Amino acid sequence: MRLYPPHLLLIALVAVLACRPTEQRTDSIDPNAGARDRALMQPEVVAQLDSGSLAFRNDDYEAALVHYRSVTDLDPSIGAGWFGVYMAQRELGDLEAAEAALEQARRLIPGATLLHSDSTS
């Protein structure tokens with residue numbers, strides 16, 4: 001068993017206590033809502049969401065942004081498209097546009113008040 005100096009244990013304890021979960025409810029997002037919503041989307045919208053997600057995973061944020069913007073153009077009521085725009089804009093460094101897209105996603109996605117940008121978390 002490895003022994004740690006007492007000051008390191010104190011630092012670790014303070015870090016754990018400082019990183020407690022927030023008091024905000026975490027059960028306000030329906031885990032099945034995405035699958036239900038996706039089943040109702042136009043095939044073009046689903047294809048753009050999937051393409052945006054693939055581009056984002058491959059660190060091609062400009063391409064991801066194009067795909068996610070296509071989603072918001074095809075159907076501005078789809079919160080996932082706005083959240084994708086937020087993620088891509090954030091990675092591209094346009095924090096003002098990212099915040100605007102995140103606000104739109106929060107308005108459209110039930111329970112999305114849990115979504116916080118890097119600047120507010």
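In the predicted model, helix α5 is followed by G93, a residue whose phi is positive, near 90°. A positive phi is also found at D59, near 65°, and here the residue is one other than glycine. Most residues other than glycine have a negative phi. D59 belongs to the loop between α3 and α4, and with a relative accessibility of 53% it counts as exposed, because that value is over the 50% cut-off.

The protein contains 6 helices and 0 strands, so that, read along the sequence, the pattern is α-α-α-α-α-α. Of its 121 residues, 24% count as buried, and its accessible surface comes to about 8,400 Å², with 59% of that area belonging to carbon and sulfur atoms. Among the contacts with a separation of 6 or more, 44% are accounted for by residues that lie 24 or more positions apart.

Confidence varies along the chain. The protein averages a pLDDT of 76, and 63% of the residues score at least 70. The mean is lowest in helix α1 (residues 6-18), at 41, and highest in helix α4 (residues 61-74), at 97. Over residues 1-26 the pLDDT stays under 50, and for this stretch the model has 6 contacts beyond four places in sequence. Where pLDDT is low, the predicted coordinates should not be read in detail. The description that follows therefore turns to other parts of the chain, beginning with α4, the helix in which confidence is highest.

Helix α4 has 14 residues and reaches 20 Å from its first C-alpha to its last, close to the 20 Å expected at 1.5 Å a residue. Its buried residues are Y61, A64, L65, Y68, V71 and T72; because they cover an arc of only 120° around the axis, they are placed on the same side of α4. On the other side of this helix, E62, V66 and D73 are exposed. The buried residues of α4 pack against α3 (43-57) and α5.

Helix α5 (residues 79-92) likewise has 14 residues, which at 1.5 Å a residue should span 20 Å, and the distance of 20 Å between its end C-alpha atoms agrees with this expectation. In α5 the buried residues are G79, G81, G84, V85, Y86, M87, A88 and Q89, and they pack against α3, α4 and α6 (95-108). One of these residues, Q89, lies in helix α5 and has a relative accessible area of 4%, which means that it is buried. When its neighbours within four places in sequence are left aside, Q89 is in contact with L65, R69, D94, A97 and A98; of these partners, L65 is also listed among the buried residues of α4.

In helix α6, where A100 is located, this alanine is partly exposed, with a relative accessible area of 45%. A100 and W82 are 18 residues apart in sequence, and the distance between their C-alpha atoms is 9.0 Å.

The aromatic side chains form 2 pairs by the rule applied here. In one of them, F56 and Y61 are arranged edge-to-face, with 5.1 Å centre to centre and 65° between the planes. F56 is buried, having a relative accessible area of 18%, and Y61 is buried as well, with a relative accessible area of 18%. In the other pair, F83 and Y86 are tilted, with 5.4 Å centre to centre and 40° between the planes. An α-helix has 3.6 residues a turn, so residues three or four places apart point the same way. F83 and Y86 are 3 residues apart in helix α5 and are therefore separated by about one helical turn. The two rings of this pair are described by different accessibility classes: F83 counts as partly exposed, because its relative accessibility is 25%, whereas Y86 counts as buried, at 3%.

Definitions and conventions. Residues are numbered from 1 along each chain as its sequence is written. This is a predicted model: local features need pLDDT of at least 70, side-chain atom pairs count only at pLDDT 80 or more; totals for chains, interfaces and linings use all residues. Side-chain values use heavy atoms; hydrogens and water are left out. pLDDT is the predictor's confidence in each residue, from 0 to 100. Helices (H or I, at least four residues) and strands (E, at least two) are DSSP runs, numbered from the N terminus. Contact means heavy atoms within 4.5 Å. Rings of Phe, Tyr and Trp (its six-membered ring) pair if their centres lie within 6.5 Å; planes under 30 degrees apart count as stacked, over 60 as edge-to-face and the rest as tilted. Buried means under 20% relative accessible area, exposed over 50%, partly exposed in between (1.4 Å probe, protein chains only). Accessible areas come from the Shrake-Rupley method with a 1.4 Å probe; for residues, only the protein chains shown count as cover. The expected span of a helix is 1.5 Å times one less than its number of residues. The arc is that of the directions from the helix axis to the C-beta atoms.
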